[in-house]
Amino acid sequence: MILFNRLFRALIVDGPLTVIDARGRAWHYGRVSSAIKPVTIRFHDSSTPLRIARNPAKGTGEAYMDGRMTVEVGDIRDLIDLIGYNTRWGVDNPTRVILWRPQQLASMFDTFNWQRRSKRNVAHHYDLSDRLYDLFLDADRQYSCAYFTDPLNSLDEAQEDKKAHIAAKLLLKPGQRVLDIGCGWGGMALYLNRVADVDVLGITLSEEQLKIARARAEAAGVAERVKFELMDYRSVAGTFDRIVSVGMFEHVGPPHYVTFFKQCCERLSPDGVMLLHTIGRADGPGATDAWLAKYIFPGGYVPALSQMMPAIERSYLWLNDLEVLRLHYAYTLERWYDRVAAARAEIIALYDERFFRMWQFYLAGAISAFRNDAHVVFQLQLTRKRDTVPIVRDYIGVSEAKLH
(Lines give C-alpha, C1' and ligand atoms only; values in the text may rest on other atoms or scores of the structure.)
Protein backbone atom coordinates (compact mmCIF):
# COMPACT_ATOMS: atom_id res chain seq x y z
CA MET A 1 0.00 0.00 0.00
CA ILE A 2 3.00 2.34 0.22
CA LEU A 3 2.94 3.70 -3.36
CA PHE A 4 -0.86 3.58 -3.54
CA ASN A 5 -1.17 5.49 -0.27
CA ARG A 6 1.31 8.13 -1.41
CA LEU A 7 -0.53 8.63 -4.72
CA PHE A 8 -4.03 8.78 -3.27
CA ARG A 9 -3.05 11.11 -0.43
CA ALA A 10 -2.04 13.60 -3.12
CA LEU A 11 -4.84 12.70 -5.53
CA ILE A 12 -8.02 12.59 -3.44
CA VAL A 13 -8.83 15.99 -1.95
CA ASP A 14 -12.61 15.68 -2.07
CA GLY A 15 -14.20 12.45 -0.88
CA PRO A 16 -14.36 10.66 1.29
CA LEU A 17 -12.89 7.50 -0.22
CA THR A 18 -12.37 4.56 2.10
CA VAL A 19 -10.08 1.72 1.00
CA ILE A 20 -10.04 -1.63 2.79
CA ASP A 21 -6.86 -3.55 1.99
CA ALA A 22 -6.37 -7.30 1.79
CA ARG A 23 -5.56 -7.42 5.52
CA GLY A 24 -8.82 -5.69 6.42
CA ARG A 25 -7.22 -2.36 7.37
CA ALA A 26 -9.16 0.79 6.42
CA TRP A 27 -7.47 3.75 4.74
CA HIS A 28 -9.26 7.07 4.39
CA TYR A 29 -8.74 9.73 1.70
CA GLY A 30 -10.30 13.13 1.09
CA ARG A 31 -12.60 15.42 3.00
CA VAL A 32 -16.39 15.21 3.00
CA SER A 33 -17.73 17.04 -0.06
CA SER A 34 -21.26 17.88 -1.15
CA ALA A 35 -20.13 17.58 -4.78
CA ILE A 36 -19.63 13.80 -4.78
CA LYS A 37 -20.83 10.65 -3.03
CA PRO A 38 -18.72 8.80 -0.44
CA VAL A 39 -17.27 5.53 -1.73
CA THR A 40 -15.77 2.46 -0.09
CA ILE A 41 -13.75 -0.11 -2.04
CA ARG A 42 -12.07 -3.36 -0.99
CA PHE A 43 -8.90 -4.95 -2.36
CA HIS A 44 -8.88 -8.73 -2.30
CA ASP A 45 -5.14 -9.22 -2.77
CA SER A 46 -1.98 -7.35 -1.88
CA SER A 47 -0.74 -6.79 -5.46
CA THR A 48 -3.67 -4.69 -6.73
CA PRO A 49 -2.76 -1.42 -4.94
CA LEU A 50 0.71 -1.51 -6.51
CA ARG A 51 -0.72 -2.15 -9.97
CA ILE A 52 -3.05 0.82 -9.60
CA ALA A 53 -0.28 3.06 -8.31
CA ARG A 54 1.88 2.20 -11.32
CA ASN A 55 -0.86 2.76 -13.89
CA PRO A 56 -4.06 4.20 -12.33
CA ALA A 57 -6.52 3.77 -15.23
CA LYS A 58 -5.32 0.35 -16.40
CA GLY A 59 -4.77 -0.97 -12.89
CA THR A 60 -8.19 0.12 -11.63
CA GLY A 61 -10.03 -1.15 -14.70
CA GLU A 62 -8.41 -4.57 -14.63
CA ALA A 63 -8.86 -4.93 -10.87
CA TYR A 64 -12.59 -4.21 -11.20
CA MET A 65 -12.99 -6.55 -14.20
CA ASP A 66 -11.18 -9.39 -12.46
CA GLY A 67 -12.99 -8.99 -9.15
CA ARG A 68 -9.76 -8.16 -7.32
CA MET A 69 -11.36 -4.84 -6.34
CA THR A 70 -15.02 -4.49 -5.36
CA VAL A 71 -17.09 -1.44 -4.49
CA GLU A 72 -18.87 -1.83 -1.16
CA VAL A 73 -20.37 1.65 -0.70
CA GLY A 74 -21.61 3.23 -3.93
CA ASP A 75 -20.92 1.62 -7.29
CA ILE A 76 -18.22 1.74 -9.95
CA ARG A 77 -19.71 4.88 -11.47
CA ASP A 78 -19.50 6.63 -8.08
CA LEU A 79 -15.85 5.59 -7.71
CA ILE A 80 -14.86 6.82 -11.17
CA ASP A 81 -16.81 10.04 -10.63
CA LEU A 82 -14.96 10.61 -7.35
CA ILE A 83 -11.58 10.10 -9.00
CA GLY A 84 -12.64 12.09 -12.07
CA TYR A 85 -13.80 15.00 -9.95
CA ASN A 86 -10.45 15.12 -8.17
CA THR A 87 -8.52 15.01 -11.46
CA ARG A 88 -10.93 17.30 -13.33
CA TRP A 89 -9.59 19.65 -15.96
CA GLY A 90 -9.17 23.18 -14.69
CA VAL A 91 -6.63 25.90 -14.08
CA ASP A 92 -6.89 25.28 -10.34
CA ASN A 93 -6.22 21.54 -10.57
CA PRO A 94 -2.64 20.68 -11.65
CA THR A 95 -2.89 17.06 -10.37
CA ARG A 96 -4.41 15.92 -13.66
CA VAL A 97 -1.37 17.04 -15.69
CA ILE A 98 1.03 15.18 -13.41
CA LEU A 99 -0.95 11.94 -13.76
CA TRP A 100 -1.49 12.02 -17.51
CA ARG A 101 1.77 13.30 -18.96
CA PRO A 102 3.69 9.98 -18.76
CA GLN A 103 1.05 8.23 -20.88
CA GLN A 104 1.33 10.53 -23.90
CA LEU A 105 4.52 9.08 -25.40
CA ALA A 106 3.40 5.51 -24.68
CA SER A 107 0.16 6.04 -26.61
CA MET A 108 1.62 7.61 -29.75
CA PHE A 109 2.37 4.38 -31.64
CA ASP A 110 -1.17 3.09 -31.09
CA THR A 111 -2.61 5.84 -33.31
CA PHE A 112 -0.90 4.64 -36.50
CA ASN A 113 -4.00 3.12 -38.09
CA TRP A 114 -2.90 1.61 -41.37
CA GLN A 115 -5.65 -0.03 -43.41
CA ARG A 116 -5.17 -3.61 -42.19
CA ARG A 117 -4.75 -2.48 -38.60
CA SER A 118 -7.82 -0.23 -38.83
CA LYS A 119 -10.02 -3.16 -39.83
CA ARG A 120 -8.70 -5.28 -36.95
CA ASN A 121 -9.28 -2.45 -34.47
CA VAL A 122 -12.85 -1.88 -35.67
CA ALA A 123 -13.67 -5.58 -35.45
CA HIS A 124 -12.45 -5.64 -31.85
CA HIS A 125 -15.29 -3.35 -30.77
CA TYR A 126 -18.02 -3.35 -33.41
CA ASP A 127 -18.17 -7.03 -34.31
CA LEU A 128 -19.53 -7.99 -30.89
CA SER A 129 -22.93 -9.62 -30.49
CA ASP A 130 -25.82 -7.75 -32.09
CA ARG A 131 -27.83 -8.48 -28.99
CA LEU A 132 -25.41 -6.51 -26.81
CA TYR A 133 -26.00 -3.30 -28.75
CA ASP A 134 -29.76 -3.89 -28.84
CA LEU A 135 -29.75 -3.97 -25.04
CA PHE A 136 -28.52 -0.40 -24.54
CA LEU A 137 -28.76 1.60 -27.77
CA ASP A 138 -31.85 3.31 -29.18
CA ALA A 139 -34.12 1.57 -31.68
CA ASP A 140 -32.08 2.91 -34.63
CA ARG A 141 -28.75 1.78 -33.10
CA GLN A 142 -27.12 5.21 -33.06
CA TYR A 143 -23.81 4.53 -31.31
CA SER A 144 -22.72 8.15 -30.99
CA CYS A 145 -23.60 11.29 -29.07
CA ALA A 146 -27.29 12.18 -29.17
CA TYR A 147 -28.60 15.76 -29.37
CA PHE A 148 -30.67 16.81 -26.38
CA THR A 149 -32.88 19.79 -27.13
CA ASP A 150 -34.12 19.10 -23.60
CA PRO A 151 -32.02 17.16 -21.03
CA LEU A 152 -35.18 15.29 -20.02
CA ASN A 153 -35.79 13.86 -23.49
CA SER A 154 -35.63 10.12 -24.00
CA LEU A 155 -32.66 8.49 -25.72
CA ASP A 156 -34.72 7.73 -28.83
CA GLU A 157 -35.98 11.32 -29.06
CA ALA A 158 -32.47 12.71 -28.69
CA GLN A 159 -31.04 10.40 -31.35
CA GLU A 160 -33.79 11.39 -33.79
CA ASP A 161 -32.99 15.03 -33.04
CA LYS A 162 -29.28 14.35 -33.68
CA LYS A 163 -30.02 12.99 -37.15
CA ALA A 164 -32.25 15.96 -37.96
CA HIS A 165 -29.61 18.39 -36.69
CA ILE A 166 -26.97 16.84 -38.94
CA ALA A 167 -29.28 16.63 -41.95
CA ALA A 168 -30.09 20.33 -41.57
CA LYS A 169 -26.41 21.25 -41.68
CA LEU A 170 -25.90 19.18 -44.84
CA LEU A 171 -28.42 21.27 -46.85
CA LEU A 172 -29.62 18.22 -48.74
CA LYS A 173 -31.46 18.23 -52.06
CA PRO A 174 -33.33 15.35 -53.75
CA GLY A 175 -31.18 13.16 -55.97
CA GLN A 176 -27.85 14.11 -54.43
CA ARG A 177 -25.13 11.52 -53.79
CA VAL A 178 -24.05 11.20 -50.17
CA LEU A 179 -21.03 9.39 -48.73
CA ASP A 180 -21.42 8.16 -45.15
CA ILE A 181 -17.94 7.42 -43.74
CA GLY A 182 -18.27 5.00 -40.84
CA CYS A 183 -21.94 4.20 -41.44
CA GLY A 184 -22.41 1.88 -38.45
CA TRP A 185 -25.60 -0.16 -38.72
CA GLY A 186 -26.97 2.12 -41.44
CA GLY A 187 -29.31 4.33 -39.42
CA MET A 188 -28.00 7.69 -40.63
CA ALA A 189 -27.85 6.65 -44.28
CA LEU A 190 -31.41 5.30 -44.22
CA TYR A 191 -32.63 8.43 -42.42
CA LEU A 192 -31.09 10.79 -44.98
CA ASN A 193 -32.60 8.81 -47.85
CA ARG A 194 -36.00 8.84 -46.18
CA VAL A 195 -36.19 12.54 -45.31
CA ALA A 196 -34.28 14.07 -48.24
CA ASP A 197 -34.68 11.63 -51.17
CA VAL A 198 -30.91 11.23 -51.62
CA ASP A 199 -28.73 8.29 -52.68
CA VAL A 200 -26.23 7.14 -50.06
CA LEU A 201 -23.09 5.03 -50.04
CA GLY A 202 -22.23 3.93 -46.52
CA ILE A 203 -18.82 2.46 -45.77
CA THR A 204 -17.70 0.51 -42.71
CA LEU A 205 -14.87 -1.81 -41.66
CA SER A 206 -17.18 -3.94 -39.51
CA GLU A 207 -18.50 -7.06 -41.21
CA GLU A 208 -21.27 -7.38 -38.63
CA GLN A 209 -22.41 -3.80 -39.17
CA LEU A 210 -22.29 -4.25 -42.94
CA LYS A 211 -24.52 -7.33 -42.78
CA ILE A 212 -27.18 -5.57 -40.71
CA ALA A 213 -27.04 -2.31 -42.68
CA ARG A 214 -27.62 -4.15 -45.96
CA ALA A 215 -30.48 -6.15 -44.47
CA ARG A 216 -32.10 -2.94 -43.23
CA ALA A 217 -31.86 -1.34 -46.67
CA GLU A 218 -33.42 -4.44 -48.25
CA ALA A 219 -36.23 -4.48 -45.69
CA ALA A 220 -36.95 -0.79 -46.36
CA GLY A 221 -37.02 -1.41 -50.12
CA VAL A 222 -34.23 1.10 -50.81
CA ALA A 223 -31.24 -1.20 -51.43
CA GLU A 224 -30.75 0.31 -54.90
CA ARG A 225 -30.42 3.80 -53.46
CA VAL A 226 -28.81 3.14 -50.08
CA LYS A 227 -25.79 0.92 -50.53
CA PHE A 228 -23.24 -0.27 -48.03
CA GLU A 229 -19.69 -1.50 -48.61
CA LEU A 230 -16.89 -2.97 -46.51
CA MET A 231 -14.34 -0.31 -47.34
CA ASP A 232 -11.64 1.89 -45.85
CA TYR A 233 -12.13 5.63 -46.36
CA ARG A 234 -8.81 5.73 -48.23
CA SER A 235 -10.20 3.39 -50.90
CA VAL A 236 -13.30 5.39 -51.88
CA ALA A 237 -13.40 6.71 -55.47
CA GLY A 238 -15.73 9.10 -57.25
CA THR A 239 -17.32 12.37 -56.16
CA PHE A 240 -20.21 13.07 -53.80
CA ASP A 241 -22.47 16.08 -53.25
CA ARG A 242 -22.43 15.53 -49.51
CA ILE A 243 -20.20 13.70 -47.04
CA VAL A 244 -21.22 12.83 -43.50
CA SER A 245 -19.12 11.10 -40.86
CA VAL A 246 -20.43 10.48 -37.35
CA GLY A 247 -18.34 8.88 -34.60
CA MET A 248 -15.68 7.54 -36.97
CA PHE A 249 -12.95 10.18 -36.85
CA GLU A 250 -11.87 8.98 -33.39
CA HIS A 251 -10.50 5.88 -35.17
CA VAL A 252 -8.41 7.77 -37.75
CA GLY A 253 -5.40 8.73 -35.58
CA PRO A 254 -3.36 11.98 -35.78
CA PRO A 255 -0.74 10.55 -38.19
CA HIS A 256 -3.53 10.14 -40.77
CA TYR A 257 -5.46 13.41 -40.38
CA VAL A 258 -3.98 15.02 -43.49
CA THR A 259 -4.74 11.90 -45.54
CA PHE A 260 -8.32 11.83 -44.23
CA PHE A 261 -9.16 15.46 -45.00
CA LYS A 262 -7.40 15.46 -48.37
CA GLN A 263 -9.40 12.38 -49.35
CA CYS A 264 -12.62 14.10 -48.24
CA CYS A 265 -11.75 17.19 -50.28
CA GLU A 266 -11.04 15.08 -53.37
CA ARG A 267 -14.27 13.11 -52.97
CA LEU A 268 -16.42 16.22 -52.37
CA SER A 269 -17.95 17.98 -55.37
CA PRO A 270 -17.00 21.67 -55.89
CA ASP A 271 -20.33 22.79 -54.35
CA GLY A 272 -20.40 19.98 -51.81
CA VAL A 273 -20.92 20.08 -48.04
CA MET A 274 -19.37 17.83 -45.41
CA LEU A 275 -20.46 17.36 -41.79
CA LEU A 276 -17.98 15.76 -39.38
CA HIS A 277 -19.22 14.74 -35.92
CA THR A 278 -16.48 13.62 -33.53
CA ILE A 279 -15.58 13.46 -29.86
CA GLY A 280 -12.95 16.11 -29.13
CA ARG A 281 -10.71 17.55 -26.44
CA ALA A 282 -11.10 21.07 -25.08
CA ASP A 283 -7.70 20.89 -23.36
CA GLY A 284 -5.38 20.30 -26.29
CA PRO A 285 -3.55 17.14 -27.41
CA GLY A 286 -3.67 14.27 -24.93
CA ALA A 287 -3.48 10.50 -24.73
CA THR A 288 -5.80 7.51 -24.77
CA ASP A 289 -5.48 5.74 -21.44
CA ALA A 290 -3.92 2.29 -21.54
CA TRP A 291 -7.02 0.43 -20.29
CA LEU A 292 -9.32 1.94 -22.93
CA ALA A 293 -6.78 1.31 -25.70
CA LYS A 294 -6.35 -2.35 -24.68
CA TYR A 295 -9.92 -3.42 -23.95
CA ILE A 296 -12.32 -1.07 -25.74
CA PHE A 297 -10.90 1.07 -28.57
CA PRO A 298 -7.49 -0.11 -29.80
CA GLY A 299 -6.09 2.58 -32.06
CA GLY A 300 -8.66 5.09 -30.84
CA TYR A 301 -7.76 8.70 -30.15
CA VAL A 302 -9.87 11.73 -29.26
CA PRO A 303 -8.55 14.78 -31.16
CA ALA A 304 -8.04 18.33 -30.06
CA LEU A 305 -9.21 21.02 -32.46
CA SER A 306 -5.61 22.25 -32.63
CA GLN A 307 -4.67 18.86 -34.13
CA MET A 308 -7.50 18.82 -36.66
CA MET A 309 -7.24 22.36 -38.03
CA PRO A 310 -3.74 22.13 -39.56
CA ALA A 311 -4.88 19.08 -41.56
CA ILE A 312 -8.08 20.85 -42.63
CA GLU A 313 -6.08 23.90 -43.71
CA ARG A 314 -3.64 21.77 -45.72
CA SER A 315 -6.61 20.16 -47.48
CA TYR A 316 -7.99 23.53 -48.66
CA LEU A 317 -11.32 22.98 -46.93
CA TRP A 318 -13.39 25.85 -45.53
CA LEU A 319 -14.62 25.52 -41.97
CA ASN A 320 -18.02 27.20 -42.19
CA ASP A 321 -19.57 26.16 -38.91
CA LEU A 322 -18.25 24.68 -35.68
CA GLU A 323 -20.59 23.61 -32.89
CA VAL A 324 -19.36 22.29 -29.55
CA LEU A 325 -21.71 19.93 -27.70
CA ARG A 326 -20.46 20.04 -24.11
CA LEU A 327 -22.92 17.94 -22.08
CA HIS A 328 -24.89 16.05 -24.73
CA TYR A 329 -22.65 12.98 -24.61
CA ALA A 330 -22.82 12.87 -20.81
CA TYR A 331 -26.63 12.65 -21.09
CA THR A 332 -26.31 9.98 -23.78
CA LEU A 333 -23.83 7.87 -21.83
CA GLU A 334 -25.86 8.07 -18.64
CA ARG A 335 -28.81 6.53 -20.45
CA TRP A 336 -26.58 3.82 -21.93
CA TYR A 337 -25.09 3.07 -18.52
CA ASP A 338 -28.52 2.72 -16.92
CA ARG A 339 -29.65 0.37 -19.68
CA VAL A 340 -26.51 -1.76 -19.31
CA ALA A 341 -27.00 -1.95 -15.55
CA ALA A 342 -30.63 -3.02 -16.06
CA ALA A 343 -29.56 -5.69 -18.57
CA ARG A 344 -26.86 -7.17 -16.33
CA ALA A 345 -28.22 -10.73 -16.36
CA GLU A 346 -28.67 -10.75 -20.14
CA ILE A 347 -25.17 -9.39 -20.80
CA ILE A 348 -23.63 -11.97 -18.47
CA ALA A 349 -25.57 -14.67 -20.32
CA LEU A 350 -24.16 -13.36 -23.64
CA TYR A 351 -20.59 -13.17 -22.36
CA ASP A 352 -19.71 -13.45 -18.66
CA GLU A 353 -19.42 -11.43 -15.44
CA ARG A 354 -16.00 -10.08 -16.39
CA PHE A 355 -17.29 -8.71 -19.70
CA PHE A 356 -20.22 -7.03 -17.95
CA ARG A 357 -17.87 -5.31 -15.49
CA MET A 358 -15.60 -4.27 -18.36
CA TRP A 359 -18.50 -2.66 -20.25
CA GLN A 360 -19.80 -1.01 -17.09
CA PHE A 361 -16.33 0.40 -16.32
CA TYR A 362 -16.02 1.70 -19.90
CA LEU A 363 -19.32 3.59 -19.80
CA ALA A 364 -18.74 4.91 -16.28
CA GLY A 365 -15.35 6.22 -17.33
CA ALA A 366 -16.82 7.85 -20.42
CA ILE A 367 -19.48 9.63 -18.34
CA SER A 368 -16.75 11.03 -16.11
CA ALA A 369 -14.76 12.17 -19.16
CA PHE A 370 -17.69 14.35 -20.24
CA ARG A 371 -18.62 15.44 -16.72
CA ASN A 372 -15.19 16.08 -15.21
CA ASP A 373 -12.57 15.92 -17.93
CA ALA A 374 -12.25 18.11 -21.02
CA HIS A 375 -14.11 15.86 -23.47
CA VAL A 376 -16.70 17.44 -25.76
CA VAL A 377 -18.22 16.71 -29.17
CA PHE A 378 -17.33 18.78 -32.24
CA GLN A 379 -19.57 19.18 -35.28
CA LEU A 380 -17.62 20.72 -38.16
CA GLN A 381 -19.26 21.81 -41.40
CA LEU A 382 -16.73 21.88 -44.25
CA THR A 383 -16.90 22.96 -47.90
CA ARG A 384 -14.52 23.47 -50.81
CA LYS A 385 -15.84 26.99 -51.51
CA ARG A 386 -16.51 29.90 -49.17
CA ASP A 387 -19.97 30.70 -50.56
CA THR A 388 -21.52 27.22 -50.65
CA VAL A 389 -23.72 27.67 -47.57
CA PRO A 390 -25.69 30.74 -46.36
CA ILE A 391 -23.67 33.43 -44.60
CA VAL A 392 -25.76 33.19 -41.41
CA ARG A 393 -26.65 29.94 -39.68
CA ASP A 394 -30.40 30.57 -39.23
CA TYR A 395 -31.09 28.07 -42.02
CA ILE A 396 -30.08 25.22 -39.71
CA GLY A 397 -32.98 25.82 -37.34
CA VAL A 398 -35.41 26.34 -40.23
CA SER A 399 -34.36 23.07 -41.90
CA GLU A 400 -34.54 21.21 -38.59
CA ALA A 401 -38.07 22.41 -37.93
CA LYS A 402 -39.17 21.10 -41.35
CA LEU A 403 -37.60 17.70 -40.64
CA HIS A 404 -39.52 17.44 -37.38
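## Close-up views of a predicted model

**View 1. Helices H8 and H9 cross where their axes come within 11 Å, at roughly 60°.** Keep in mind throughout that this is a predicted model. An angle of 65 to 115 degrees would count as roughly perpendicular and one under 35 as roughly parallel, so H8 and H9 end up oblique to each other. The crossing of H8 past H9 is right-handed. On the H8 side, the contact is made by Glu160, Lys162, Lys163, Ala164, Ile166, Ala167 and Leu170. H9 brings Gly187, Met188, Tyr191 and Leu192 to meet them.

**View 2. H8 also packs with H14, at an angle of about 140°.** Here the axes are 10 Å apart, and H8 is again oblique, this time to H14. What is the hand of the crossing of H8 and H14? That one is left-handed. Leu155, Asp156 and Gln159 of H8 make the contact with Thr332, Arg335, Trp336 and Arg339 of H14.

**View 3. Tyrosine 143 pairs up with tryptophan 185.** Let's start with the whole set: the model has 28 aromatic pairs. In this one, the ring centres sit 6.4 Å from each other and the planes are at 45°, a tilted arrangement. The two partners come from distant parts of the chain, 42 residues apart. Tyrosine 143 is in the loop between helix H7 (130-136) and helix H8 (155-170), while tryptophan 185 is in the loop between strand E7 (177-181) and helix H9 (187-196). Buried or exposed, what are these two residues? Tyrosine 143 is buried, with 13% relative accessible area, and tryptophan 185 is buried too, at 2%.

**View 4. Tyrosine 143 has another ring partner, tryptophan 336.** This pair is tilted as well, with centres 5.3 Å apart and planes at 50°. Tryptophan 336 belongs to helix H14 (residues 328-342), so its pairing with the loop residue tyrosine 143 ties together parts 193 residues apart in sequence. With a relative accessibility of 1%, tryptophan 336 counts as buried. Zoom out a little and both rings turn out to belong to a cluster linked by ring pairs. Its members are Tyr133, Phe136, Tyr143, Trp185, Phe297, Tyr329, Trp336, Tyr351, Phe355, Trp359, Tyr362 and Phe370.

**View 5. Two arginines hold their charged ends over tyrosine rings.** Arginine 77 does this with tyrosine 337, at 5.7 Å from the ring centre. For arginine 88, the ring belongs to tyrosine 85, and its centre is 4.2 Å away.

**View 6. Threonine 278 is tucked into strand E11 (residues 268-281).** Its relative accessible area is 0%, so this residue is buried. Which residues does threonine 278 touch, leaving aside those up to four places away in sequence? They are Phe249, Glu250, Pro303, Met308, Val376, Val377 and Phe378.

**View 7. Here are a few spots with backbone angles to look at.** Most residues other than glycine have a negative phi, and most peptide bonds are trans. Glycine 15 and proline 16, though, are joined by a cis peptide bond, with omega about 5°. Proline 16 is in the loop between strand E1 (14-15) and strand E2 (17-20). Arginine 141, in the loop between H7 and H8, has a positive phi of about 55° and is buried at 10% relative accessible area. Tyrosine 316 has a positive phi too, about 60°, and is found in the loop between helix H13 (305-314) and strand E12 (318-325). Tyrosine 316 is exposed, with a relative accessible area of 69%.

Notes. Residues are numbered from 1 along each chain as its sequence is written. This is a predicted model: local features need pLDDT of at least 70, side-chain atom pairs count only at pLDDT 80 or more; totals for chains, interfaces and linings use all residues. Side-chain values use heavy atoms; hydrogens and water are left out. Rings of Phe, Tyr and Trp (its six-membered ring) pair if their centres lie within 6.5 Å; planes under 30 degrees apart count as stacked, over 60 as edge-to-face and the rest as tilted. Helices (H or I, at least four residues) and strands (E, at least two) are DSSP runs, numbered from the N terminus. Buried means under 20% relative accessible area, exposed over 50%, partly exposed in between (1.4 Å probe, protein chains only). A charge sits over a ring if NZ of Lys or CZ of Arg is within 6 Å of the ring centre and within 35 degrees of the ring normal. Axes are lines fitted to C-alpha atoms, for helices over the stretch in contact, and angles run from 0 to 180 degrees between N-to-C directions. Angles under 35 degrees count as roughly parallel, over 145 as roughly antiparallel, 65 to 115 as roughly perpendicular and the rest as oblique. A crossing is left-handed if the near helix is turned anticlockwise from the far one by less than a right angle, and right-handed if clockwise. Contact means heavy atoms within 4.5 Å.
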